[in-house]
Amino acid sequence: MARLARTIILGTIAAGAGIWWLGRAYDVESSALLGFLVSSAMLVAATIVAAIAGGATLFWLRRRRYRRTSFDVFRARVKGTPNRSDPADPSDP
């Protein structure tokens, strides 16, 4: 987990430095550059939120599907035990 956090932090720093370097290379104003950095951060955050929401939705759907196809559905009544809710068979005396 620490390696993942380190990779995310280093990637964020590298992306920010790259955007800053390109902004300076093409003479973009600092305020506009800061706006680009903020919009990039918001895009990354929105992507992360969408990924978490998608994962949570898949987890919920799998749990719901598992409950519906549980083996309890396939279990039958034990033979030889009468079912009291069934009406009497007309052939019974």
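In this predicted model, a nonpolar patch on the surface is formed by Met 1, Leu 4 and Ile 8. Together, these three residues have about 390 Å² of accessible area. Ile 8 belongs to helix α1 and also appears in the lining of the largest pocket.

**Helix α1**
- Helix α1 runs over residues 2-25.
- The 24 residues of α1 should span 34 Å at 1.5 Å a residue, and the end C-alpha atoms of the helix are 34 Å apart, so the two values agree.
- Just after α1, Asp 27 adopts a positive phi of about 55°.

**The largest pocket**
- The volume of the largest pocket is about 200 Å³.
- Two elements each give two or more residues to the lining of this pocket, namely α1 (2-25) and α2 (30-68).
- Helix α1 supplies the largest share of the lining, with five residues.

**Residues of the pocket lining**
- The lining of the largest pocket consists of Ile 8, Thr 12, Ala 15, Gly 16, Ile 19, Leu 37, Ser 40, Ala 41 and Val 44.
- Sorted by class, six residues of this lining are nonpolar and three are polar.
- No charged residues occur in the lining of the largest pocket.

Key: Residues are numbered from 1 along each chain as its sequence is written. This is a predicted model: local features need pLDDT of at least 70, side-chain atom pairs count only at pLDDT 80 or more; totals for chains, interfaces and linings use all residues. Side-chain values use heavy atoms; hydrogens and water are left out. On a 1 Å grid over the protein atoms alone, a cavity is a set of points where a 1.4 Å probe fits but cannot get out, and a pocket is an open set with protein on both sides within 12 Å along at least five of seven lines; lining residues have an atom within 4 Å of a point. Grid points are joined across faces, edges and corners, and a volume is the space filled by probe spheres set on the points. Helices (H or I, at least four residues) and strands (E, at least two) are DSSP runs, numbered from the N terminus. Ala, Val, Leu, Ile, Met, Phe, Trp, Tyr, Cys and Pro count as nonpolar, Asp, Glu, Lys and Arg as charged, and the others, Gly among them, as polar. Patches are made of residues with over 30% relative accessible area and no salt bridge: like charges are joined within 9 Å, nonpolar side chains (Val, Leu, Ile, Met, Phe, Trp, Tyr) within 5 Å. Accessible areas come from the Shrake-Rupley method with a 1.4 Å probe; for residues, only the protein chains shown count as cover. A salt bridge is a side-chain nitrogen of Lys or Arg within 4 Å of a carboxyl oxygen of Asp or Glu. The expected span of a helix is 1.5 Å times one less than its number of residues.
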